[in-house]
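Let's take a friendly walk through one protein model, a few places at a time. Keep the structure open beside you as you read.

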Amino acid sequence: MACGVMVTASHNPEQDNGLKLVEASGEMLEPAWEAHATQLAQADTEEQLLQVLAALAATLQPAGVAAVGGKVSDIGVVTTPELHFTVQTFNQYQALEEQAYFTNLLESFRTLTAGSHAPQQPLHVDCANGVGALKLQQLVPQLQQLGLQLQLYNAGQGRLNHGCGADHVQKEQCFPAGMGDLPAGACCASIDGDADRVVFFTKGQDGSFVLLDGDKIAALAAVYLRRLLSHAPPGTADSISTGVVQTAYANGASTRFITEQLGLQVRCTNTGVKYLHHEAKAFDVGIYFEMSVMQLLAVSRLMNQAVGDAISGLLLCDAVLRSGTSLAEWQALYTDLPSRQLKLVVADRTVITTTDAERRCVTPAGLQDAIDAAVAKYDLGRAFARPSGTEDAVRVYAEAGSQEAADALAREVAGIVFDRCGGVGSRP
């Protein structure tokens, strides 16, 4: 039975290199094991290391103990989704072939786009100077034969995720390096350093930056699935549970569109792909931020069933756009409420605990009441504060009926957190 280890900075700067661990199922490491991994990494002495290993061994089944002496297979330079796919397929078929990953993508994309008209313009892709560039370059000739022309940018000449990449594009709301001069209406996408995140964007007629983020990708996938199910035999749609999984950061406009316009169920869970993926598996057809667990023939094969996959996400969105939804129609599905995210440093992030998928604070006492009072002042207001999972900082999210109101609400909530939770430095 194989598992996987990925060395990557993911969407972070290159100096923040780290490890991602892959379960034997091909999925992300079960959260319950993270504490053990952290303790092993932080053991300062041999004695501490042995103590942690002894405690870990006591929790393992005999088969897990025997696996400690297992074989290591170096599969080379691959994306994180490729590693997940490889672990999953190896444990099913005992095969370590990279070509299986590419064949799965290409044949599924061929099936989904059969009979459709190829787009008249290329898909411009920001590769974040990461490993995704190497893999997309391998796919360029085959995809061109299937009618998809790729133009690659930030393909390895610069620093990883520096001024480019999906995380930068989404958070900064700007064009990645080298892509600001593209024409209005160009179809563009940005992946992150290890190719497990993707966002789309375009340029408005006035030259403005227009983001099509994970919420919009999920909405596009939901529209497409509704279209597929409408052509299924009578009663099929009623027998298949379909839902969208979001985090607290999902824009309220997207939630209303999915529930009110599409009539689909929305569930909210903690931030992080491992939580989203777990919740999505509760549906027959579950859609979430970076990928979808879709059990629908070619759609299922195209979407990496083990983890979020930027390349399969790129291909799915292109297939949907070919099927009758234009880029302009995608943009117009709904209009995001103006929002603002802020981060502030605190002395100890653990003073804040949350519930309701991180949307409400339990401690310290009185914090949530103060946030609720601030939110009540703003039309269409919503806000939450959640502790960072990696540093002594708190992240604040706010949305409201106007950008000015969203900015003001975010500052007010950040000030409340600063005063009640041991803020460090200048008050927001």
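## A helix with a bend, and its surroundings

Just after helix α6 comes Gly147, whose phi is positive, near 90 degrees. Keep in mind that this is a predicted model.

Now step back into α6 itself, which covers residues 131–145. The helix has a kink of about 45 degrees at Leu139, and the proline Pro141 follows shortly after that point. Leu139 is also one of the buried residues of α6, along with Val131, Gly132, Ala133, Lys135, Leu136 and Leu143. What lies over them? The cover includes the elements in this table.

| Kind | Elements covering buried residues of α6 |
|---|---|
| Helices | α4 (residues 80–93), α5 (residues 98–113), α13 |
| Strands | β3 (residues 123–126), β4 (residues 150–153), β5 (residues 187–191) |

Helix α13 (residues 310–322) has another partner to visit: its axis and that of α8 (residues 214–230) come within 10 Å and cross at roughly 55 degrees. Because of that angle, α8 counts as oblique to α13. The crossing is left-handed. On the α8 side, Ile217, Leu220, Tyr224 and Arg227 take part, and they meet Leu316, Cys317 and Val320 of α13. Sorted by type, the residues of this contact are 6 nonpolar, no polar and 1 charged.

Our last stop is Ser388, in the loop that joins β15 (382–387) to β16 (393–399). Is Ser388 buried or exposed? Its relative accessibility is 4%, so Ser388 counts as buried. Leaving aside residues up to four places away in sequence, Ser388 touches Arg349, Ala393, Val394 and Arg395.

Terms used. Residues numbered from 1 in each chain as written. Predicted model: local features only at pLDDT ≥ 70, side-chain atom pairs only at ≥ 80, totals over all residues. Heavy atoms only, no water. Axes fitted to C-alpha atoms, helices over the stretch in contact; angles between N-to-C directions. Helix = DSSP H or I, 4+ residues; strand = E, 2+ residues; numbered from the N terminus. Parallel < 35°, antiparallel > 145°, perpendicular 65-115°, else oblique. Left-handed = near helix turned anticlockwise from the far one by under 90°. Contact = heavy atoms within 4.5 Å. Nonpolar A, V, L, I, M, F, W, Y, C, P; charged D, E, K, R; others polar. Buried < 20%, exposed > 50% of the residue type's maximum accessible area, 1.4 Å probe, protein only. Bend = angle between axes of the 7 residues up to and from the residue.
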